[in-house]
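Here is a short report on one chain. Please look over the sequence and the fold before reading on.

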Amino acid sequence: MPKLMGIDIPGKKRIEYSLRSIYGIGLSRAQAIVKQANVDPNKRADNLTGEDITKITNILQKGYVLEGDLRREVSQNVRRLMSIGCYRGLRHRKGLPVRGQRTHTNARTRKGPRKTVGVVRGTARAAATSERAVRSAPAAAAKPSMKT
C-alpha cells in the first residue's frame with residue numbers, strides 16, 4: 001500500500017481510483033492529478049515508482065486543500081452558518097435536511113430513527129391512570145389530618 005501525504009491508498013486499484021480514498025479527491029480531480037503528473041492512468045498504485053509518488057504528492061500539496069484542513073474548513077463554515085442564524089444554520093442546528101428536501105416523509109438519515117407516537121387504549125390506559133393515582137396518594141397522605 002503506497003502512502004501519499006500520510007494516507008495509505010489501496011494498492012490493487014488503478015491510480016485514478018485509489019487517489020479517491022483521500023478526503024477531498026473525487027474522480028474528476030483524481031483524473032486531473034494523474035494527467036498533470038504524466039502518470040499512466042492504467043497503472044496500479046502498487047506499481048508506482050518513487051518518482052511518480054513524488055510528482056503526485058507535490059501536485060496535491062501545491063494545489064489542493066485536503067484531509068484535515070478541508071474537514072476543518074467545512075466544519076468552520078457550518079459553525080459560521082449556525083452562529084449567524086441563517087436558515088441553513090438553523091437546519092444544521094435542528095438536525096434537519098439543509099438543501100430543501102421534504103421532511104414529511106423520508107429524511108431519516110438526518111432525523112434519525114422514527115419515534116413512534118401512539119394512542120394509549122384499554123387496559124394500558126387503566127394501568128396508567130391507576131399509576132398516576134398511586135403517585136399522588138402519598139402526597140395526600142403526608143398532609144396532617146385535623147380530626148377533633
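In which helix is the place of Arg91? Arg91 sits in helix α5. The model is predicted, and the values below are computed from it.

**Overall layout**

The chain comes to seven helices and two strands. From the N terminus, the order of elements is β-β-α-α-α-α-α-α-α. Both strands thus precede the helices in the order of elements. Of the 148 residues, 24% count as buried. The chain exposes about 11,100 Å². Carbon and sulfur atoms supply 52% of that area. Among contacts with a separation of 6 or more, 45% come from residues 24 or more positions apart.

**The nonpolar core**

The largest nonpolar core has 18 residues. Those with the most contacts inside this core are Ile15, Leu19, Ile22, Ile25, Ile33, Ile56 and Leu60. Two elements give two or more residues to it: α2, residues 27–36, and α3, residues 50–63.

Ile33 shows how the core is joined. Beyond its neighbours within four places in sequence, Ile33 is in contact with Leu19, Ile25, Ile56, Ile59, Leu60 and Tyr64. Of these partners, Leu19, Ile25, Ile56 and Leu60 are also listed among the residues with the most contacts inside the core.

**Arg20, before α2**

Arg20 is placed in the loop between α1 (15–18) and α2. Is Arg20 buried or partly exposed? Its relative accessible area is 41%, so Arg20 is partly exposed. Outside the four-place window in sequence, Arg20 contacts Ile25, Gly26, Leu27 and Ala30. One of these, Ala30, is ten residues from Arg20 in sequence, with 6.6 Å between the C-alpha atoms.

**Arg91 and Val98**

Now back to helix α5, which spans residues 87–94. Why does Arg91 count as buried? Arg91 is buried because its relative accessible area is 15%, and the cut-off for buried is under 20%. Not counting residues up to four places away, Arg91 touches Leu96, Pro97, Val98, Thr103 and Arg110.

Val98 lies in the loop between α5 and α6. With a relative accessible area of 17%, Val98 is therefore buried as well. Leaving aside neighbours within four places in sequence, Val98 is in contact with Arg88, Arg91 and His92. The contact between Val98 and Arg91 thus appears in the lists of both residues.

The table sets out the C-alpha separations for these residues.

| Pair | Apart along the chain | C-alpha separation |
|---|---|---|
| Arg20 and Ala30 | ten residues | 6.6 Å |
| Val98 and Tyr87 | eleven residues | 8.4 Å |
| Arg91 and Leu81 | ten residues | 9.7 Å |

**The largest pocket**

Which residues line the largest pocket? The lining is made of Arg88, His92, Leu96, Pro97, Val98, Arg99, Gln101 and Arg110. Its residues divide into three nonpolar, two polar and three charged. The volume of the pocket is about 170 Å³.

The pocket ties in with the contacts above. Val98 is one of the lining residues, and its contacts include Arg88 and His92, which also belong to the lining. Arg91 touches the lining residues Leu96, Pro97, Val98 and Arg110.

**Backbone notes**

Most residues other than glycine have a negative phi. Two residues here carry a positive value. Glu67 has a phi near 50°. Glu67 is placed in helix α4, residues 67–84. Asn106 has a phi near 70°. Asn106 is found in the loop between α5 (87–94) and α6 (108–111). Val98 is also placed in the loop between α5 and α6.

Technical notes:
Residues are numbered from 1 along each chain as its sequence is written. This is a predicted model: local features need pLDDT of at least 70, side-chain atom pairs count only at pLDDT 80 or more; totals for chains, interfaces and linings use all residues. Side-chain values use heavy atoms; hydrogens and water are left out. On a 1 Å grid over the protein atoms alone, a cavity is a set of points where a 1.4 Å probe fits but cannot get out, and a pocket is an open set with protein on both sides within 12 Å along at least five of seven lines; lining residues have an atom within 4 Å of a point. Grid points are joined across faces, edges and corners, and a volume is the space filled by probe spheres set on the points. Ala, Val, Leu, Ile, Met, Phe, Trp, Tyr, Cys and Pro count as nonpolar, Asp, Glu, Lys and Arg as charged, and the others, Gly among them, as polar. Helices (H or I, at least four residues) and strands (E, at least two) are DSSP runs, numbered from the N terminus. Buried means under 20% relative accessible area, exposed over 50%, partly exposed in between (1.4 Å probe, protein chains only). Contact means heavy atoms within 4.5 Å. Accessible areas come from the Shrake-Rupley method with a 1.4 Å probe; for residues, only the protein chains shown count as cover. A nonpolar core is a set of buried Ala, Val, Leu, Ile, Met, Phe, Trp, Tyr and Cys residues joined through side-chain atoms within 4.5 Å.
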